[in-house]
Amino acid sequence: MTLRRRLTTLLVVAGVVLGLLLGGAAYVFAQLFDRQSAVTEDIFGAVVGADRALVAYVDAETGLRGFALTGDDATLEPYATTVADLPTFTALADDLSGVSSEPRLHETAAAADAAARAWIDDYAEPLIAQVRSEGPESVTPAEVEAGKQQFDALRASVGAFTDEVRDVRRDVAAELAQWTRYASVVVALLAIAAVTVGILLWTALRRWVVEPLDGLASDARIVSDGDLTHAVTATGPGEIADLARDVELMRTALLTQVQAVEDSHAMLEDQAEELRRSNRDLEQFAYVASHDLQEPLRKVASFTQLLQKRYGGQMDERADQYIEFAVDGAKRMQRLIQDLLGFSRVGRVGGEVTDVDLNAALAAALDNLEQAVDDAGAVVTHDDLPTIRGEFPLIVQLFQNLVGNAVKFRAPDRVPQIHLSARPVEDSTKGEWELRCQDNGIGIDAQYADRVFVIFQRLHAKDVYEGTGIGLALCKKIVEFHGGHIWIDPPAGDGTSIRWTLPSGTDD
């Protein structure tokens, strides 16, 4: 059964039970309020009305006796007031008809009204007429005694009605007490039902929702901690079981993917190791080849130069041209091998990593380039440069290549201007400096911005600008060896702007 159906069934049953209890409570409290209203309003009003009527008749009888003794009409005022607004006990009994259907109540009320009317008609009115016609002295003691007895009968009838009303009040009060007990029971049942429903709801939610979700969460945590072989158990009602099955499907799919990734990673590791081995072999080959080529190439260059010096002009023009080609090729091959040897040494021949003052490194590079700078009439300026962490010889080589390139690729119509600057990288988490070499030379087209850092790549013919095509590739390798990167700014006016980053020194 699904969780929704279980909860719906439980809530419907709980709602029906609570609804029945609330309906019963409403009925009980309605009866309770009805009995309370009857006691405090209807019956109390009847008792007060009966007492007031009796008091009114007593006042009337007292006034009648005074008139019989004095003949003074002023003494008849209470009697006249009572007769003018004659109390009726039957009306009081009718007011209680909604409270009690006891026939005795109406019987005693009718008897009291009859006794009152008999006392007025049979005694009071004839006595008043007699006194007015014959005077007070005409009233005999026997007549007075007869009137007293007749009024006592009226009083007794009123008392019987009052007693009957009190009996009704006692019965209603007993019902009120009974309904009060019923109300207490209903309230207790409501409290018990509310607590029971709450316990049932909590137990159901704990067994149907909390415990299955806790189990699912525990399995998910185990899987998320890396144990992808841990199976996710499907427990609980339909929805949670479906969710657990979905998580299990996700786990199995993830396990398959992870296994595939691990296989790919192992393959990549093997390929990376093979690539590292190949790179080491290539670097070793380049170093050995360039180193071993130095001696025979030096002999070739020396003997071709000697041949040119000793026999130049003694052979025909074509022979001199061939000798010139050989000398030039030998010189270029020497430069290429030297550059290739330097390129292969970066990162392979370990040097000492220290705090390098870039001002000192630039000065050393400019000393090496003094002849080229003077010949070109170049002006090299720089800001105050920071101290970075690196290998001093490599940093000198970096500056030498960058400044040397700026001098080599100068514009023929203006004095070469080369400026170096530095600024801290604000958003760097490892602490870096960004350096810049700006010149006013011939510039580099944006489409070749990445190509110039590839080894042996040339943008100009060797007869226009000499070089081996290794200079900027060597710069890139030196910068990346120090953990930075190098790039060329998009063209913005004359010249070239090369930027690169280097790690900060320990004092920065």
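Reader: How many helices and strands are there in the chain?

Author: The chain has eleven helices and seven strands. The model in which they appear is predicted. Of the 508 residues, 34% are buried.

Reader: What share of the contacts in the chain joins residues at least 24 apart?

Author: The share is 72%, taken among contacts between residues at least 6 apart in sequence.

Reader: Why is α1 called roughly parallel to α4?

Author: Helix α1 (residues 3-70) and helix α4 (residues 103-134) pack at an angle of about 20°, and their axes are 10 Å apart. Angles under 35 degrees count as roughly parallel. The angle of about 20° falls under that cut-off, so α1 is roughly parallel to α4. The crossing of these two helices, α1 and α4, is left-handed.

Reader: Which residues make the contact of α1 with α4?

Author: From α1 come Y57, A60, E61, L64, F67 and A68. Helix α4 contributes A116, W119, I120, Y123, A124, L127, I128, V131 and R132. By class, the residues of this contact of α1 with α4 comprise 13 nonpolar, no polar and two charged.

Reader: What makes E61 count as buried?

Author: E61 has its place in helix α1. Buried means under 20% relative accessible area. The relative accessible area of E61 is 12%, and therefore E61 is buried.

Reader: Which residues does E61 touch, not counting residues up to four places away in sequence?

Author: E61 touches W119 and F151. W119 is among the residues of α4 that make the contact with α1.

Reader: Why is α1 described as oblique to α2?

Author: Helix α1 packs with helix α2 (residues 77-84) at an angle of about 140°, with axes 7 Å apart. Angles over 145 degrees count as roughly antiparallel, 65 to 115 as roughly perpendicular, under 35 as roughly parallel, and the rest as oblique. An angle of about 140° lies in none of the named ranges, so α1 is oblique to α2. The crossing of α1 and α2 is left-handed.

Reader: Which residues of α1 and α2 make that contact, and how do they divide?

Author: On the α1 side they are A56, Y57, D59 and A60, and on the α2 side P78, Y79 and T82. The contact of α1 with α2 divides into five nonpolar residues, one polar and one charged.

Reader: In what order do the five strands form an open sheet?

Author: The order is β2-β4-β5-β7-β6, with mixed pairing.

Reader: What makes β2 and β6 the edge strands?

Author: Strands β2 (379-382) and β6 (486-488) each pair on one side only. Neighbouring strands of this sheet are turned by 15° against each other on average, direction ignored.

Reader: How many bridges join β6 to β7?

Author: Three bridges join β6 to strand β7 (residues 497-503), and the two strands run antiparallel. Two strands pair if at least two bridges are found between them. Three bridges satisfy that requirement, so β6 and β7 pair. W487 has R499 in β7 as its bridge partner.

Reader: How is strand β1 joined to β3, and what is the bridge partner of T354?

Author: Strand β1 (residues 354-357) is joined to β3 by four bridges, and the strands run antiparallel. The bridge partner of T354 is G390 in β3.

Reader: Which side chains along β3 point to one face and are buried?

Author: Along strand β3 (residues 387-390) the side chains alternate. I388 and G390 point to one face and are buried, while T387 and R389 point to the other and are not buried.

Note on methods:
Residues numbered from 1 in each chain as written. Predicted model: local features only at pLDDT ≥ 70, side-chain atom pairs only at ≥ 80, totals over all residues. Heavy atoms only, no water. Axes fitted to C-alpha atoms, helices over the stretch in contact; angles between N-to-C directions. Left-handed = near helix turned anticlockwise from the far one by under 90°. Contact = heavy atoms within 4.5 Å. Nonpolar A, V, L, I, M, F, W, Y, C, P; charged D, E, K, R; others polar. Buried < 20%, exposed > 50% of the residue type's maximum accessible area, 1.4 Å probe, protein only.
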